[in-house]
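Biologist: I should like to discuss the structure shown below. May we proceed by question and answer?

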Amino acid sequence: MNISSRTSDIREPDAHVELPTGVLTGEHVAESVRTIADIADCFHDRAAADAADPAQLAYRVQRHAPVPEGTAGGLMFGATFLQPGRVGDEYLMTRGHFHAKRDAGEYYWHIAGQGMLVMMDEARHCWAVWLRNNALVYVPGRTAHRMVNTGAEPLVAGACWPADAGHDYDAIASHGFATRVRCIDNEPRLVADTE
Ligand code: PAN
Ligand code: ZN
């Protein structure tokens, strides 16, 4: 047995995840930033959205993309850092999306802070799962998903999804989610969008 040839391809990982914080470092890690201006059209209280500082940070997303987006069979790994706060009575949220490849699912797991993952099926039926206490949440295919920060600290969650899932933001930009998370009597409540 040639031992040296068996041990010659032990590699360092190309990236690291700091488990307590979710922070990703290393190769193939990219970051995107969304400000209040980028999510202003998500809120029902347009006057409050217009009054908010458009340059204020809403959330950051770090993505480890070991393969090009669109690669069949590949996976993407990400972390979302969503700021606390409200616009009117509505908590800060991610834009939310369906996957372009509609049957693509996704895992989310809670890392820090407190909030919800709001989901909506193609019939516009909505529900939410708490993102707290190390929750592990599976987002089925054909289900739009959005993080909402109901706490006082940044809400941090990890996620893993198929590299060819793609992101369809247009359906949410046009019609929104059927349910909003609003602060009513100092509690987060799911409220139908028409109310
Ligand atoms: C996540 C989201 C991330 C930001 O990585 O992309 O939480 O939300 P938006 O993409 O809706 O702005 C994911 O669900 N990837 O598929
Ligand atoms: Zn997704």
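Biologist: How much area does the protein expose, and what share do carbon and sulfur atoms supply?

Modeller: This is a predicted model, in which local features need pLDDT of at least 70, side-chain atom pairs count only at pLDDT 80 or more, and totals for chains, interfaces and linings use all residues. Residues are numbered from 1 along each chain as its sequence is written. Accessible areas come from the Shrake-Rupley method with a 1.4 Å probe, and for residues only the protein chains shown count as cover. The protein exposes about 10,200 Å², of which carbon and sulfur atoms supply 51%.

Biologist: What percentage of the residues in the protein is buried?

Modeller: Buried means under 20% relative accessible area, exposed over 50%, and partly exposed in between (1.4 Å probe, protein chains only). Of the 195 residues in the protein, the buried share is 41%.

Biologist: Where is R142 placed, and what is its phi?

Modeller: R142 lies in the loop between β11 (136-139) and β12 (143-149), strands being DSSP runs of E of at least two residues and helices runs of H or I of at least four, numbered from the N terminus. Most residues other than glycine have a negative phi. R142, not a glycine, has a positive phi, near 60 degrees.

Biologist: Is N186, which has a positive phi of about 65 degrees, buried or exposed?

Modeller: N186 sits in the loop between β14 (179-184) and β15 (187-192). Its relative accessibility is 72%, so N186 counts as exposed.

Terms used: Chains are lettered from A and ligands numbered from 1 in the order in which they are written. Side-chain values use heavy atoms; hydrogens and water are left out.
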